[in-house]
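Open the model in your viewer and keep the sequence panel beside it. We will go from one selection to the next.

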Amino acid sequence: MFPLRDVSMRLQGIQLLGHDEMAMKFWFWELEQHLKSSSGASVVAIDNKIEQAMDLVKSHLMYAVREEVEVLKEQIKELIERNSQLEQENTLLKTLASPEQMAQFQAQVQTGSPPAPQTAAPTGPPSTAALAQPASHSSGPSA
């Protein structure tokens, strides 16, 4: 005989959805009842029940995997979009930074030190007006 109770216990740990979970429990209950009452003449029927139960588990697992793949594809898409936005922001900041600021940044990157707090107001470009220009996109004169 099979250690059917062990198989049943393991498969019950798998999360199943809706009416299919009830069908799965019914299959195992019916299989257990059949094993208890049969003498061995219905081995083929038992094998069929086991195969059907395994197919049901397989279909649920495949469904769960497909759902997870879709979620991960969506997350990858969002991360690619976010990365693109950050790259554009980085490019803009590099174009607006003064040569002194870029040199200071490069030095910090090479040494691995945290950025130093700025105590004095920056002198030279970019001015506050230059920083505000890219953000305003008016199509005509304002009233």
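Select residues 62–96. The whole span is helix: 100% helix and 0% strand. Put a distance between its end C-alpha atoms; they lie 51 Å apart. Keep in mind that this is a predicted model. Why pick this span? In UniProt, an unreviewed entry lists residues 62–96 as "coiled-coil region". That annotation may be inferred rather than shown by experiment.

Next, select residues 99–111. This is helix α4. Within helix α4, pick M102. Is M102 buried or exposed? Neither label fits: M102 is partly exposed, because its relative accessible area is 23%, and buried means under 20% while exposed means over 50%.

Now show what touches M102. Which residues does M102 contact, leaving aside neighbours within four places in sequence? There are K94 and A97. K94 belongs to the span you selected at the start, residues 62–96. Display the side chains of M102, K94 and A97 together to view these contacts.

Zoom out and colour by secondary structure. The chain has 5 helices and 0 strands. Follow the elements from the N terminus and they read α-α-α-α-α.

Switch on the surface. The chain exposes about 11800 Å². Carbon and sulfur atoms supply 60% of that area. Then colour by burial: of the 143 residues, 13% count as buried.

Last, draw the contacts between residues at least 6 apart in sequence. Of these, 60% join residues at least 24 apart.

Methods. Residues are numbered from 1 along each chain as its sequence is written. This is a predicted model: local features need pLDDT of at least 70, side-chain atom pairs count only at pLDDT 80 or more; totals for chains, interfaces and linings use all residues. Side-chain values use heavy atoms; hydrogens and water are left out. Helices (H or I, at least four residues) and strands (E, at least two) are DSSP runs, numbered from the N terminus. Buried means under 20% relative accessible area, exposed over 50%, partly exposed in between (1.4 Å probe, protein chains only). Contact means heavy atoms within 4.5 Å. Accessible areas come from the Shrake-Rupley method with a 1.4 Å probe; for residues, only the protein chains shown count as cover.
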